[in-house]
Amino acid sequence: FEALLNRQSGLPSDVVIGTAEEPGDVVWLGTEFGLTRLELDSAYQWFDERNGLPPAGAHPLIRWRGQLLIGGSRGIVRYEAPAALPANGHFARWSDLDDSVRTMVAAGDSVLVGAGGGLWYLRDAHAQLIKNLTNVFAIAPSSRTPCAWIASLNGFAWCHRQGNTWVFDRTMPELRSNSAAEAPDGSIWLG
């Protein structure tokens, strides 16, 4: 622990929704009020709607196939770095998904997306609905089987990989949660 990063030190918010690392000691912080690019031992860069970032809301982040993908209230954008620093880059729409993105995880050659209106998978930026679920909060790909565990307002659910697509399996409505994780022994933890 070297420094506390919060509003007093320059972040747009004390609430950090997502993080992503980048080569060269760069960390991205997705907050409730915008996106911050942090170069260790350097100043913050704060991004918002003026750079093309989706309007206010949670900003889950993932790095997939060398791209930084950012979820927002109207889908997913991709960060496009400037030709030379210190200029700011900008954000461009990355997929045809038009939903409030709450979580994203890389799953091999696809991205699984939990949104306000469902569970989606994306291949090459094209969105396919897996299941219409309400507020998908967390997705945990299994390290043991070709499936993913899902936490949503509809309950605990799971889907599996079948060829080039994802297929929904089942929902257990009595197990509502905000998070899901798979332990090394294969047990599933919900929170």
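**Two cysteines and a run of strands**

Okay, let's start with the cysteines: the sulfur of Cys 159 has its closest cysteine sulfur in Cys 147, 7.5 Å away, and that's too far for a bond. Keep in mind that we're looking at a predicted model here.

So how many disulfides does the count come to? Zero. The cut-off is a pair of cysteine sulfurs within 2.5 Å, and for Cys 147 the nearest cysteine sulfur, the one in Cys 159, is 7.5 Å off, so Cys 147 is in no disulfide.

Next thing you might ask: is Cys 147 buried or exposed? It's buried, at a relative accessible area of 8%. And Cys 159? That one is buried too, with a relative accessible area of 0%. For anyone thinking about thiols at the bench, those are the two numbers for this pair: 8% for Cys 147 and 0% for Cys 159.

Right, over to the strands. Look at S6, residues 67–72, and S7, residues 75–80: they run antiparallel, with four bridges joining them. What do S6 and S7 form? A hairpin, with two residues between the strands. If you want a spot to click on, try Ile 70, which stands opposite Val 77 in S7.

Now stay on S7 and go to its other partner here. Which way do S7 and S8 run? Antiparallel, and four bridges join S7 to S8, which covers residues 90–93. The pair to find there is Arg 78, standing opposite Ala 92 in S8.

So, to recap: no disulfides by the count, a hairpin from S6 and S7, and S8 joined to S7 by four bridges. That's me done.

Terms used: Residues are numbered from 1 along each chain as its sequence is written. This is a predicted model: local features need pLDDT of at least 70, side-chain atom pairs count only at pLDDT 80 or more; totals for chains, interfaces and linings use all residues. Side-chain values use heavy atoms; hydrogens and water are left out. Buried means under 20% relative accessible area, exposed over 50%, partly exposed in between (1.4 Å probe, protein chains only). Two strands pair if DSSP finds at least two bridges between them.
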